[in-house]
Amino acid sequence: MSTTVPTVTTAEALAAEVENSQRRGGGPDRGRGEEQDRGRGRGRRRGRPPIYDSPRNQISLDPNATGETTAPPAVVKKKTPRPPLTHFLSIPIGHHADLRQRISAFTTALLASDPAIPGLDETIIISPRRLHLTLGVMSLDLEGPGPDPGPDPAPSAEGSSNNSNLRPKTLESATQLLNELKPKVTELLVGQKLRVGLKRINIMKPEHGDPDRAHVLWAGPDYNDEDARRLNAISTFVHKEFRKAGLVVDDKRPLKLHSTLVNTIYRKPRGRKPFSLQMPSLLPSLRIRK
């Protein structure tokens, strides 16, 4: 396939790239009544002892209450809710007619397998026109500037973040950065078009490590190919610059170029029922030739 300049996209397929977008945590309740009823054996709320702060964060009962002490509760750290994902950065590849035909033939053959592949049906097959290589997911403000981002983020494995590099989390800002990176991308291409074969087909980590409980099937490049290595270098560069700018969500994992072919998140009726990796041993070549 010939490479296409990465794009910032809003699409339904965003949910296929990132799951479990928000989790919430809570902290322990704190008691009341220390100042008002200290020494009386009860707090402001009847039947609940006062709670006192101590260097060791222990909780104790007033000795006039029951004469008992309790062990300190487990400290529960509050988790910061993950922001909702709104956009993703990608290299679209679904515009290649030959690729669409090959992918369609491949998924059609999977659906027609005899015996049928358990858990596989047409509702979880990704349309070939939506194929893309994801470079990162983003949470952009849809209505003006968002809240103060807070203190500087912790340094990552690839270098420290600096607030001077951070940009407003807006679509305009992301598009502007992408345009700024075009000269460097052109330089990395050294005047050549890339033709990269999607030679690897695999599943994302299945439930309990069991290949019969898969949820995502993907195709990707083989990095033994020179063009594939150059594409990976370009993609990693763009991803890193967006992450430094605070526009891409940093999931602490290295970039893995892949195009999703099957995802159970789209199953109808809804339900993340897995499928089995009982696929034919001989898979059709997905290499694009022009």
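This is a short walk through the structure, with a suggestion of what to select at each stop. Keep in mind that you're looking at a predicted model.

**Whole chain**

Start with everything shown as a cartoon. The protein chain has five helices and six strands. Colour it from the N terminus on and you can follow the elements in the order β-α-α-β-α-β-α-β-β-α-β.

Now switch on the surface. The protein chain exposes about 17800 Å², and carbon and sulfur atoms supply 50% of that area. Of the 290 residues in the chain, 36% are buried. If you turn on contacts, look at those with a separation of 6 or more: 75% of them join residues 24 or more positions apart.

**Strands β2 and β3**

Next, select residues 132-138, which make up strand β3. Is β3 mostly covered or mostly open? It's mostly covered, with seven of its seven residues buried.

Add residues 87-92, and you have strand β2 as well. The two strands pair in the antiparallel sense, over six bridges. For a landmark in this pair, show Ile91 as sticks and look across to β3, where Leu133 stands opposite.

**The β4-β5-β6 sheet**

Hide that pair and move along the chain. Select 200-203 for β4 and 259-263 for β6, then add 216-220 for β5. Together the three strands form an open sheet in the order β4-β5-β6, with antiparallel pairing. Why do β4 and β6 each have a side without a neighbour in the sheet? Both stand at the edges and each has a single partner strand, so one side is left without a neighbour. Look along the sheet and you can pick up the twist, which averages 20° from one strand to the next.

As a reminder while you look at the backbone, strands of a sheet pair through backbone hydrogen bonds, either parallel or antiparallel.

Zoom in on β5 and β6, which pair over four bridges in the antiparallel sense. Trp218 is a handy marker here: opposite this residue, in β6, stands Thr260.

**Salt bridges**

Time for charged side chains. A search of the whole structure finds 11 salt bridges, and three of them make good stops.

Select helix α5, residues 226-244. Show Glu226 and Arg230, whose side chains meet in a salt bridge at 3.3 Å, N to O. Both residues lie in this helix, four residues apart, about one turn. Arg230 is buried, because its relative accessible area is 15%, and the cut-off for buried is under 20%.

Then go to Arg243. Which residue is its salt-bridge partner? That's Asp250, with the closest N and O atoms 3.3 Å apart. Check how covered each one is: Arg243 counts as buried at 12% relative accessibility, while Asp250 is partly exposed at 27%.

For the third stop, select Arg253 and Asp251. They form a salt bridge whose closest N and O atoms are 3.2 Å apart. Here Arg253 counts as exposed, at 55% relative accessibility, and Asp251 counts as partly exposed, at 36%.

Finish by returning to Glu226 and Arg230 and adding Asp227 to the selection. Salt bridges that share partners join Glu226, Asp227 and Arg230 into one network.

Notes: Residues numbered from 1 in each chain as written. Predicted model: local features only at pLDDT ≥ 70, side-chain atom pairs only at ≥ 80, totals over all residues. Heavy atoms only, no water. Buried < 20%, exposed > 50% of the residue type's maximum accessible area, 1.4 Å probe, protein only. Pairing = 2+ DSSP bridges. Axes fitted to C-alpha atoms, helices over the stretch in contact; angles between N-to-C directions. Contact = heavy atoms within 4.5 Å. Areas by Shrake-Rupley, 256 points an atom, 1.4 Å probe, with all protein chains shown as cover. Salt bridge = Lys/Arg side-chain N within 4 Å of Asp/Glu carboxyl O.
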